[in-house]
Structure formats: structure tokens, C-alpha cells
Amino acid sequence: MKSSLALLLLAAACSGLLINGCAKKEADQGAGQAKGKEKVFVMVPKGVHPYYEPCYEGFKDAAAKYGVKAEYRAAKAFEVPQQVEVIENLIARHVDGLAISALDDQGLAPVIQEATQAGIKVITFDAPAPSSRALSYVGTMNEAAGYAGAEQLIKVVQGEGEVAVLQGGLGAPNLNDRYKGFERCLKEKAPNLRIVAREDEQGKIDLTVNKTEALLQAHPNLKAIFGVSAEVCPGAAAALKQQGKAGAIILAGFDDLPDTLAAIRSGVVSFCIAQRTYKMGWLSVEKLLDAIDGKPLPKEIDTGVLVISKDNVDTYMQDMKKEFAK
Ligand code: BGC
């Protein structure tokens with residue numbers, strides 16, 4: 001009795017109001033079978049760092065759009081062996097695609113080769129590994145961006161003086177290319193604006209604070225500090241404030257971390273070069289899908305940069321996001 005009642009209810013449901021639900025379920029199952037198993041794409045940043053949050057947001061949003069499973073696996077510190085270990089674990093899991101922000105070129109090439117041989121599609125985003133077998137690089141054209149940073153700094157500093165550069169790790173090609181562009185521009189356009197120091201702060205904000213304090217001691221005539229990586233502006237801003245030198249020493253550098261934007265609003269940071277991090281993540285998913293479909297990928301995809309100062313600090317984000325309908 002009970003079971004016939006249940007059958008009746010089921011029949012009524014499928015022929016009445018719920019028919020759409022039943023039909024939809026079947027259609028979904030059909031689509032699922034046609035698609036095969038769900039693909040897993042993993043974003044591997046250099047290490048734990050807030051810079052990568054919008055990158056992963058773009059990655060996740062694109063993955064949701066295309067029905068891919070997105071994951072994020074970050075090593076604790078910016079250390080090559082740690083990043084290699086993260087990738088080795090993903091190779092062992094046979095994931096379908098990897099988007100890597102490379103801490104190092106030579107150091108990453110063997111594990112990228114291993115992943116490729118295992119049939120995993122690999123691209124780099126944010127930081128390339130040019131000698132590796134990664135299929136493409138999605139991100140900033142770094143030498144040009146470093147050059148653009150220096151051009152902007154020259155406008156702000158006007159004239160001569162001492163500049164110190166802080167960098168988060170000395171191995172990554174993206175940061176070294178930025179430094180190269182920055183240095184070349186000063187030589188070409190403002191030879192009297194001299195780089196008197198270049199310090200490694202390993203991508204750590206506390207180390208950036210310490211290194212800034214040491215720079216202020218060692219170079220009492222310092223005119224400007226420029227950061228080629230994301231933690232520099234927030235870290236150096238904190239140190240300048242502590243020493244009562246905010247605004248007196250010009251501070252500028254890469255990336256639009258929330259603390260950097262706040263420091264632009266309050267005048268402690270003069271400008272930042274914002275990278276299009278959300279776009280990097282989004283395009284990474286699309287390029288990995290293209291690779292799986294057998295389409296050739298361009299060697300490099302330029303995501304572009306923007307100069308953010310007091311003038312556009314409150315409007316640039318809306319403009320940038322317009323490109324992607326969520
Ligand atoms: C770079 C990243 C780096 C981050 C934090 C950014 O400017 O593009 O490669 O991980 O700074 O140091």
C-alpha cells in the first residue's frame with residue numbers, strides 16, 4: 001500500500017508541477033556524461049600572499065562559468081623547494097591543469113617538464129618561467145611595466161637624488177625584469193636619479209619594514225623608495241610613518257593591495273602600478289581549456305597595467321571589472 005502510494009506520488013510529481021525538475025535532472029545527467037569527468041585546474045602562487053587573492057577570484061569565477069573545479073595550493077613561504085613540492089603533489093593527483101606563478105625559472109623547469117610528461121596542461125601566470133615547457137604566460141609584460149614605473153617616478157621626483165629599490169625575492173624573472181626596466185629607464189631618462197640600494201625582502205611584510213628602517217639609516221639623503229613587488233608599499237609605508245618620514249620620502253611601487261590604496265588616499269604612497277590580477281586568473285582558466293581542446297596558445301598574453309594615484313584610486317576598480325560580467 002505504502003509503496004503504491006509512493007509510486008503514485010512520483011508519477012503525479014513528474015506529470016504535474018515538478019515535471020520541469022525531473023526533466024532538468026535527466027538533461028543535466030546527459031550533459032555530465034557528454035562532458036566526462038569534471039576537470040580540476042589548480043592555481044599555484046609563489047606562496048601564501050594577499051596579492052594572489054584577486055588572481056584566484058578571477059580563476060574561480062571563470063572555472064564556475066566553464067564548469068571546471070578550481071583549487072588553490074600555496075606553499076607557506078616563497079621557497080623554490082616548497083613550490084616544487086606543491087606541484088609534485090598535484091602531479092601525483094593527476095589534476096588536469098596547472099597555472100603557476102613561478103618563483104624561479106631554472107628551479108621550476110624540471111617539475112614543469114614532469115607535469116607536462118604526465119599529461120597535465122601547464123601555463124604560468126603573474127611570473128613566467130621562460131626556459132620551462134609551460135605552454136603560455138598570462139600576465140604583465142614586466143620589463144615594460146618596470147620602465148613605466150620609473151617614468152612615473154621621474155615625474156614625481158623631478159630632478160636628482162637617491163632611490164632605493166625593494167624586491168620580494170631575487171630569483172623570479174618577473175621581478176628581475178621589472179628591475180631591469182626600472183633601471184634602464186632611469187639611466188635613459190634621469191641619470192641623476194641614482195639607485196643606491198636594492199634589497200631583498202623575500203615577499204615578507206615584516207622584513208620589508210626592517211629593511212626600510214635599515215635603508216633610512218644607511219642613506220640619510222634618500223629621496224624615494226620604489227617597490228617592485230606587492231608588499232613593499234604597505235611595509236615601507238608603515239616604517240616611514242613610524243619614523244615620521246611619511247610624505248617626505250617618496251614611496252611608490254607595484255600592486256594595489258588594500259593597504260597600498262589606503263596609503264595612496266592618505267598621501268603616504270605616491271602611486272602604484274596595478275597589475276590586472278583578476279584578469280590573469282580568469283584568462284588562465286580559458287587558456288588551460290584551450291590547451292585541453294588542442295588549440296595552440298600564444299607564448300605570452302599581456303594583461304596590462306594601470307597607474308593608480310589619488311586621481312583614480314576610487315574609480316579604477318569598477319572600470320577594470322566592467323570587462324568581466326560575473
Ligand atoms: C608580483 C608577484 C609577487 C607579489 C608579492 C607582485 O608584484 O607580481 O609575483 O608574488 O608581488 O611579492
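Visitor: What makes the Arg178 side chain a polar contact of the ligand?

Guide: An oxygen atom of the ligand sits 2.8 Å from an N or O atom in the Arg178 side chain. A polar contact is a pair of N or O atoms within 3.5 Å, so this pair qualifies. Bear in mind that the model is predicted: local features need pLDDT of at least 70, side-chain atom pairs count only at pLDDT 80 or more, and totals for chains, interfaces and linings use all residues. Numbering starts from 1 along each chain as its sequence is written, and side-chain values use heavy atoms, with hydrogens and water left out.

Visitor: Which distances put Glu231 and Asp255 on that list too?

Guide: For Glu231, a ligand oxygen is 2.8 Å from a side-chain N or O atom. For Asp255 the distance is 2.3 Å, again from a ligand oxygen to a side-chain N or O atom. Glu231 and Asp255 are also among the closest of the 14 residues surrounding the ligand (a heavy atom within 4 Å). Lys46, Tyr52 and Asp126 are the others named as closest.

Visitor: Arg178 is in α7, isn't that where α6 packs? What makes α6 oblique to α7?

Guide: The axes of α6 (residues 142–157) and α7 (residues 173–189) come within 6 Å and cross at roughly 45°. Under 35 degrees would be roughly parallel, over 145 roughly antiparallel, 65 to 115 roughly perpendicular, and the rest is oblique, so α6 is oblique to α7. The crossing is right-handed. Arg178 is one of the α7 residues that meet α6 (heavy atoms within 4.5 Å), and α6 brings Tyr147, Leu153 and Ile154, among others. By class, this contact has seven nonpolar, five polar and eight charged residues.

Visitor: Why are α4 and α5 described with another word?

Guide: Helix α4 (residues 80–92) and helix α5 (residues 109–117) cross at roughly 10°, with axes within 10 Å. That falls under the parallel limit, so they are roughly parallel to each other. Val84, Ile87, Glu88 and Ile91 in α4 meet Val111, Glu114 and Ala115 in α5. This contact has five nonpolar, no polar and two charged residues.

Visitor: And what makes α3 oblique to α11?

Guide: Helix α3 (residues 53–66) and helix α11 (residues 277–292) pack at about 40°, axes 6 Å apart. That angle makes α3 oblique to α11. Here too, the crossing is right-handed. Phe59 and Tyr66 are among the α3 residues in this contact, and Trp282 and Leu289 are among those from α11. The contact divides into 10 nonpolar, four polar and four charged residues.

Technical notes. Axes fitted to C-alpha atoms, helices over the stretch in contact; angles between N-to-C directions. Helix = DSSP H or I, 4+ residues; strand = E, 2+ residues; numbered from the N terminus. Left-handed = near helix turned anticlockwise from the far one by under 90°. Nonpolar A, V, L, I, M, F, W, Y, C, P; charged D, E, K, R; others polar. Polar contact = N/O pair within 3.5 Å; in protein donor to acceptor, adjacent residues only side chain to side chain.
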